[in-house]
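Reader: Hi! I'm in my first year and still learning to read structures. Could you take me closely through one part of this one, and show me how it fits with the rest?

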Amino acid sequence: MAPGRNARTLEDVRHEIEVEREQLAAAAETLRESVGEATNIGAKLRSNLPVAAAGALGLGFVLSGGIGATARLIFRRGREGETKAKLGRFRFVDRD
């Protein structure tokens, strides 16, 4: 390489290293902030509280057998009446 053409001095290399170090520090700080925001579950839950509450209510209803229990309640009420006769497990019902 000829002297004077694209020759980097020691001071140029040190300056480039310092600039790279500052850029790396800024990138690390940005990454820390974004990880902190991503793992802050409490803030996310507070911002979506109505949706989370509705989801929890629906999940609790399904897990407690709510669909089957509600269907049994609705369909049983429609079949109630006065039992006129019974033979084994069968009943003859008067449903006015």
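Author: Happy to! A helix here is a DSSP run of H or I with at least four residues, and helices are numbered from the N terminus. By that rule, isoleucine 67 sits in helix α4, which covers residues 66–79. Please keep in mind that this is a predicted model, and that the values below are computed from it.

Let's stay with isoleucine 67 for a moment. Is this residue buried or exposed? Its relative accessibility is 56%, and exposed means over 50%, so isoleucine 67 counts as exposed. Together with Phe61 and Val62, Ile67 makes up a nonpolar patch on the surface. The three residues share about 290 Å² of accessible area.

Now look at what comes before helix α4. Helix α3 spans residues 49–63. Its 15 residues reach 21 Å from the first C-alpha to the last, close to the 21 Å expected at 1.5 Å a residue. Just after α3 you meet glycine 65, whose phi is positive, at about 80°.

Stepping back, the protein chain contains four helices and two strands. Read from the N terminus, the order of elements is α-α-α-α-β-β. How much of the chain is buried? Of its 96 residues, 1% count as buried. The accessible surface of the chain is about 8900 Å², and carbon and sulfur atoms account for 61% of that.

Next, the charged side chains. Side chains of opposite charge can pair when their charged atoms come close. How many salt bridges does a search of the whole structure find? The search gives three, and we can visit them in turn.

Start with glutamate 16 and arginine 8, whose side chains meet in a salt bridge at 3.4 Å, N to O. Glutamate 16 is partly exposed, because its relative accessibility is 38%, while arginine 8 has a relative accessible area of 54% and is therefore exposed.

Then find glutamate 18, which forms a salt bridge with arginine 21; their closest N and O atoms are 3.4 Å apart. Why are these two separated by about one helical turn? Because they are three residues apart in helix α1, which runs over residues 10–38. Glutamate 18, at 35% relative accessibility, counts as partly exposed, and arginine 21, with a relative accessible area of 52%, is exposed.

Finally, the side chains of arginine 32 and glutamate 29 join in a salt bridge at 2.8 Å, N to O. These two are also three residues apart in helix α1, so about one helical turn separates them. Arginine 32 counts as exposed, with 55% relative accessibility, whereas glutamate 29 is partly exposed, with a relative accessible area of 36%.

To return to where we began: Ile67, in helix α4, belongs to the nonpolar surface patch with Phe61 and Val62. Try finding that patch in the view, and then trace the chain back through glycine 65, just after α3.

Notes: Residues numbered from 1 in each chain as written. Predicted model: local features only at pLDDT ≥ 70, side-chain atom pairs only at ≥ 80, totals over all residues. Heavy atoms only, no water. Patch = residues over 30% accessible without salt bridge, like charges linked within 9 Å, V, L, I, M, F, W, Y side chains within 5 Å. Areas by Shrake-Rupley, 256 points an atom, 1.4 Å probe, with all protein chains shown as cover. Salt bridge = Lys/Arg side-chain N within 4 Å of Asp/Glu carboxyl O. Buried < 20%, exposed > 50% of the residue type's maximum accessible area, 1.4 Å probe, protein only. Expected span 1.5 Å × (residues − 1).
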